[in-house]
Amino acid sequence: MPSDKIKIIRQVCEDAKQRFDEKHQDLIVWMKSNDISFSDVRLVSQQLLAATSFAGAVALNSPDEMLAVPQTHAQENNENDLLAVVSQEEHDEIMNKLESIVQMPPGHMEKETELYLEQQLSEILNFEVTVELEGQRLNHSIGIMGGEQHLFRFPGDSLAQHDAYQEAGIAPNRGAFGWFTEGGELTEKAIAREKYYFAVQTLYLENWNTEHQTLKPWYKFRKMVVINPAEKVAVVAVVGDAGPAAWVQKQFGGSPEVIREGKIWSPKSRGRVLLLFVDDPDDKIPLGPISLEATTQMLAEAGGN
Amino acid sequence: MNQEKTQPSIVSKENIKPFIAEFENKEIFFDIAEIVDNNEYYLGVLREMVGEYLDKIIVVNLKTAFGKNRKGFAAFMHELAAISDGTEKVQMINEKFKGKSLFWTAVELDLHEELLDELLEDLEKASR
C-alpha cells in the first residue's frame, strides 16, 4: 500500500513540524526579527543525510549493506538505553566537575568554565542561574558557607515562634536588610524568606560604600541558589543578611534550614559550595531544597524515551 | 554577559568525536528505507521532509549551545548562511564545537525522539 506509506510519512513529518513550531514560537519570532532562516543550515542537513539511506543513490546501490542491518525493536531499545546512560554519565561528569570546583580557593571560576556551568546548571535546574546578574556580582561564587542563626522576622518575634531548627538559636539583631514582613504582615512569603535566607558579603563589595543606596534594595531578598555538589542538593533562598565577617574565613552564610536541608556541613560537603543568582524576574521559582540527583534521573529517563 | 558559552570537554571522549557527515546510529534510516521498499520517490520525499526537520533541530541546538549569547548566535548563523558549500558549513560547526560538546549527539537524539522513532513505528504498523 505505497500511497498509505507516503501519507504516513507526510503526516508524521507535518505533525512533528507543528509540534516544533508550537514549542519554539519564541525562537521563530526571534529568527524573523534577526533575518535568520532555518534553511540557512539546509546544506548542513543534506550533508548529514548524505550518509544515510535516504540519499537515493546510496540506498539503491548498496542493498546488501541494508539487508545486513538487523531490524529489531530490541536493538532500538538498546540504543535508547545507551542514550539514557550517556545522559546520566554527562550529568555525573558535571557533578564531578562541580565537586572539584568547590574545592578551589574561594573566588570565581575561570570565565569559560563559569559560562559553561551556568548553562548546564540552568538546564539541570530548569531555571536560569548566573554568577552575574544585572551587572551585579558578589566577590565570590565559590566558597565556604557557614551556619547562621534564625533572624527576627518582625518586632517582637522570638525563637519559640520559629517552627524548625530552634537549636540554631536566633541572632540578637534583625538582619541587615530589615524585617521580613510585607506591609507589616507576616505573610507566607515572609516566613519562607526567613526560613531560606543567605548571608552574603555585600559589605565587602568594592562599590558598596559609594553605591549602597542602590545596591541595598537590589540585594534585599534577591533570590540565589546554593549548589552542594558533594550531596547533589541545591537550595533556593533569598539574600536576608550581610556577612559573614572576613575573619571568619567563610564567604557565605546560610539559615538553619539552608544548612540542614542543603546538607551543607555533611562530612562530604564541609561547607564547600557554589552560590549563584537566580534570574527570576516574575518571582516564580519557589524557595527550598532541590535534589540534583532526582533531576539527573529525570533527564536520563527523558533521554531514554 | 555577552561572552559566548563554550563547552569545555567534560563529557566522555566517546561522546565528543565530531560528526563526519553521518549519524552514529544510522540503522533507523535503513529500517525506514526498507519499509518503503527503497522506492526512490519515497526516499526523495523522506530526504526532503527529514532534511527540513533536521534544519530546525540544528538551529535549536545551536541556540542551546550559544546559551544566552544571542548576539553570538545571530552572528554565527549569518556566517553560516554566507557559506555556500555543505561540507564547509559542517566544518564550521565542527570547528566551533569540536571536542567540546555533545552538539551532534544532541541533534541526533532530537531527530530520533521527535521524528524518526515515530516515523518508523507508524510505518511498521502500516506494514503489518
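Here are four short exercises on the structure above, which is a predicted model.

**Exercise 1. Find out how far to trust chain A, and which stretches call for caution.**

Step 1: Start with the overall score. Chain A has an average pLDDT of 82, and 83% of its residues reach at least 70.

Step 2: Now look for the weak stretches. In chain A, residues 56-86 have a pLDDT below 50, and this stretch makes 30 contacts in the model beyond near neighbours in sequence. Residues 294-305 of chain A are also below 50, with 19 contacts counted in that way.

Step 3: Decide what to do with them. Where pLDDT is low, don't read the predicted coordinates in detail.

**Exercise 2. Work out how α3(A) and α3(B) pack against each other.**

Step 1: Pick out the two helices. In chain A, α3 covers residues 42-49, while α3 of chain B covers residues 40-66.

Step 2: Get the geometry. The axes are 8 Å apart and the packing angle is about 120 degrees. Angles of 65 to 115 degrees would be roughly perpendicular and those over 145 roughly antiparallel, so α3(A) is oblique to α3(B).

Step 3: Add the handedness. The crossing of α3(A) past α3(B) is right-handed.

Step 4: List who touches whom. From α3(A) come Arg42(A), Val44(A), Ser45(A), Gln46(A), Leu48(A) and Leu49(A). From α3(B) come Arg47(B), Val50(B), Gly51(B), Leu54(B), Asp55(B) and Ile58(B).

Step 5: Sort them by class. The contact of α3(A) with α3(B) has 6 nonpolar, 3 polar and 3 charged residues.

**Exercise 3. Tyr165(A) and Lys232(A) both have a positive phi: place each one and say whether it is buried or partly exposed.**

Step 1: Recall the usual case. Most residues other than glycine have a negative phi.

Step 2: Check the angles. Phi is near 50 degrees for Tyr165(A) and about 55 degrees for Lys232(A).

Step 3: Place them in chain A. Tyr165(A) sits in the loop between β4 (142-147) and α8 (188-195). Lys232(A) is in the loop between β6 (223-228) and β7.

Step 4: Count C-beta neighbours within 10 Å. The cut-off for buried is 20 or more. Tyr165(A) has 17, so it is partly exposed. Lys232(A) has 21, so it counts as buried.

**Exercise 4. Determine whether the peptide bond from Gly243(A) to Pro244(A) is cis or trans, and where Pro244(A) lies.**

Step 1: Keep the background in mind. Most peptide bonds are trans.

Step 2: Read off omega. For Gly243(A) to Pro244(A), omega is near -5 degrees and the bond is cis.

Step 3: Locate the proline. Pro244(A) lies in the loop between β7 (233-242) and β8 (252-254) of chain A.

Note on methods:
Residues numbered from 1 in each chain as written. Chains lettered and ligands numbered in written order. Predicted model: local features only at pLDDT ≥ 70, side-chain atom pairs only at ≥ 80, totals over all residues. Helix = DSSP H or I, 4+ residues; strand = E, 2+ residues; numbered from the N terminus. Buried ≥ 20, exposed ≤ 12 C-beta atoms within 10 Å, placed from the backbone. Axes fitted to C-alpha atoms, helices over the stretch in contact; angles between N-to-C directions. Parallel < 35°, antiparallel > 145°, perpendicular 65-115°, else oblique. Left-handed = near helix turned anticlockwise from the far one by under 90°. Contact = placed C-beta atoms within 7 Å. Nonpolar A, V, L, I, M, F, W, Y, C, P; charged D, E, K, R; others polar. pLDDT = per-residue confidence, 0-100.
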